[in-house]
Amino acid sequence: MRQHRRTLRLLGSLLLVAMAASGTGAAPAPAASPTPLDRVIPAPASVAPGGSPYRITRGTHIRVDGSRETRSVGEYLAKILRPSTGYRLPVTAQGAGGIRLRLAEGPFGAEGYRLDSGRGGVTITAAKPAGLFHGVQTLRQLLPAAVEKDSVQPGPWLVAGGTITDTPRYGWRGAMLDVSRHFFTVEQVKRYIDQLALYKINKLHLHLSDDQGWRIAIDSWPRLATYGGSTQVGGGPGGFYSKADYREIVRYASSRYLEVVPEIDMPGHTNAALASYADLNCDGVAPPLYTGTEVGFSSLCAGKDITYDFVDDVIRELVALTPGRYLHIGGDEAHSTSHEDYVKFMDRVQPIVAKYGKTVVGWHQLTGATPAKGALAQYWGLDGTCAEEKARVVKAAQNGTGLILSPADRVYLDMKYTKDTPLGLSWAGYVEVRRSYDWDPGAYLPGVPEGAVKGVEAPMWSETLENSRHIEFMGFPRLPGVAELGWSSAASLDWERYKGRLAAQAERWDALGIDYYRSPQVPWGGSGK
């Protein structure tokens with residue numbers, strides 16, 4: 001009997017060697033087990049684990065239906081999986097089994113999906129291509145973190161058995177990137193887009209103009225970019241996006257199912273424009289370019305007709321480049337504009353946005369004027385913002401203005417984590433990971449009607465941020481939490497459960513080369529220390 005067992009063990013060893021030599025991949029290590037279905041971020045709406053896992057092998061195909069969009073999502077998935085697995089993973093409309101992406105009617109809405117996994121394969125089903133794409137992000141997180149690496153890894157590539165059925169709580173799950181205080185290249189923006197997509201963010205709000213720089217080429221006012229975009233905070237060279245650059249950002253974001261929301265901040269935060277064209281100033285004198293970080297000192301001249309010619313030209317050209325539904329007109333910190341002029345300005349500018357077919361978005365100071373029908377107000381106040389200001393926002397919401405919630409002492413990603421954080425600012429306070437996550441958007445402003453909250457957005461202002469490493473360090477680990485606030489149900493928002501799921505993301509960020517803050521509030525384990 002002992003000789004028989006030794007023979008079996010020897011045969012098993014020879015079989016493993018043969019498998020490795022034939023290129024079929026190493027057998028799973030005895031301790032290998034798939035990631036549980038409920039360990040992903042954002043938390044899915046419904047999880048039903050059960051059955052055998054699926055294993056991606058050299059023979060796996062990615063099967064798609066005949067639509068161009070489904071094939072595109074399939075190719076995206078293949079490009080992620082091929083480098084780390086070393087497998088061909090052909091994308092095909094033929095056959096059965098493997099990884100299947102399919103569009104079908106169902107209770108998924110525009111962005112929901114169902115993921116079914118078992119021994120025979122993984123199927124992601126959605127009503128719309130965006131849902132398939134979000135399902136793919138869930139599949140990524142169910143695979144080992146090494147799947148994100150750009151060289152062949154040993155695997156095994158197991159997907160836990162069971163079903164996830166998932167739809168988002170809110171339709172607006174945004175991230176804002178300030179490219180005005182410091183300029184970021186097209187490639188840097190694309191890198192951030194890929195990071196946002198992993199957590200099902202669907203809006204990229206680009207802050208394209210401010211006192212320190214104008215970042216988008218406008219043919220009818222060329223000095224805005226060439227002169228107004230020539231510097232940045234601290235006096236560096238600045239930069240701007242050509243129209244081709246901007247189109248490429250829009251295209252790339254769209255391929256990741258993010259809608260670009262461009263912002264031209266006005267009537268304040270406009271020194272770069274005022275420096276570029278003297279006629280935009282009430283006194284006809286252009287100020288010098290500005291490279292500091294103070295706010296509230298600049299204003300377009302609300303009483304001049306040329307101001308509205310300028311606004312019309314800028315909006316017209318920007319709309320022609322932007323297929324999305326929204327255009328953000330700023331409106332915050334207009335301290336150098338009288339209330340009367342502010343109201344006059346917004347009364348004239350909002351119809352221009354509508355004339356070119358877009359919906360107005362503005363910072364919540366827009367509620368101090370008369371928001372256009374259908375407009376969205378982005379609330380960036382603090383927990384301690386004065387009751388009068390909050391009441392004005394609540395009243396606007398009661399009158400039909402939708403709200404995007406971006407409370408600065410919760411989700412401003414440029415706020416320092418602690419007093420020792422080397423980057424960022426602290427005017428809104430220190431924002432550790434738990435504080436950023438531990439609140440409910442639906443209950444944040446009492447008195448706001450159900451349905452008025454359209455979603456959440458995490459702004460990233462760049463006074464102190466100069467490169468992708470800086471963006472990542474301030475965004476991670478807070479950004480995934482904001483994404484969960486936007487996607488997951490209120491009942492699933494629980495810090496004690498969330499922090500373990502968050503800690504498990506660290507290995508994935510390491511594989512992706514994402515720098516991040518090792519918050520002591522998160523039980524990182526080996527990978528986070």
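This report walks through a predicted model of a protein chain.

**Confidence**

Start with how far the model can be trusted. The protein chain averages a pLDDT of 94. At least 70 is the score of 93% of the residues. One stretch stands apart: over residues 1-31, pLDDT stays under 50. For that stretch the model has 13 contacts beyond four places in sequence.

**The sheet**

Next, look for the strands. An open sheet is built from 7 strands. Their order is β1-β9-β6-β7-β5-β3-β4, and the pairing is mixed. At the edges sit β1 (46-49) and β4 (91-92), each of which pairs on one side only.

Now pick out one pair inside that order. Strand β5 covers residues 98-103, and strand β7 covers residues 121-126. The two run in the parallel sense and share 6 bridges. To find one of these matches, go to G98: its bridge partner in β7 is G121.

**Helix α4**

Helix α4 spans residues 186-198. Does its length fit its residue count, and what are the two values to compare? At 1.5 Å a residue, its 13 residues should span 18 Å. The end C-alpha atoms are 19 Å apart, which agrees.

Is α4 mostly covered or mostly open? It is mostly covered, with 10 of its 13 residues buried. Among the buried residues are V186, V189, Y192, I193 and L196. Charged and polar names appear in the list too, including K190, Q188 and Q195. Just after α4 comes K200, which takes a positive phi of about 65°.

**Salt bridges**

The count of salt bridges comes to 32. Three of them are set out here.

| Pair | Closest N to O distance |
|---|---|
| D312 and K355 | 2.6 Å |
| R501 and E484 | 2.8 Å |
| D515 and R518 | 3.6 Å |

Take D312 and K355. This pair links distant parts of the chain, 43 residues apart. D312 lies in helix α8 (residues 305-321), and K355 lies in helix α9 (residues 339-355). Which partner is buried and which is exposed? D312 is buried, because its relative accessible area is 15%, under the 20% limit. K355 is exposed, because its value of 53% is over 50%.

R501 and E484 also join two helices. R501 belongs to helix α15 (residues 495-504) and E484 to helix α14 (residues 478-487), so the pair ties together parts 17 residues apart in sequence. R501 and E484 are both buried.

In the pair of D515 and R518, D515 has 22% relative accessibility and counts as partly exposed. R518, at 38%, also counts as partly exposed.

Some salt bridges join into a network. One such network links D178, R181, D210 and E463.

**A closer look at D409**

D409 lies in helix α11 (residues 408-411). Its relative accessibility is 6%, so D409 counts as buried.

What does D409 touch? Leaving out residues up to four places away in sequence, D409 touches G381, L382, D383, A428, V431, R435 and Y444. With D383 there is a polar link: the side chain of D409 reaches the backbone nitrogen of D383 at 3.0 Å.

Compare sequence and space for one more residue, S426. D409 and S426 are 17 residues apart in sequence. In space, their C-alpha atoms are 9.1 Å apart.

Conventions: Residues numbered from 1 in each chain as written. Predicted model: local features only at pLDDT ≥ 70, side-chain atom pairs only at ≥ 80, totals over all residues. Heavy atoms only, no water. Pairing = 2+ DSSP bridges. Helix = DSSP H or I, 4+ residues; strand = E, 2+ residues; numbered from the N terminus. pLDDT = per-residue confidence, 0-100. Contact = heavy atoms within 4.5 Å. Expected span 1.5 Å × (residues − 1). Buried < 20%, exposed > 50% of the residue type's maximum accessible area, 1.4 Å probe, protein only. Salt bridge = Lys/Arg side-chain N within 4 Å of Asp/Glu carboxyl O. Polar contact = N/O pair within 3.5 Å; in protein donor to acceptor, adjacent residues only side chain to side chain.
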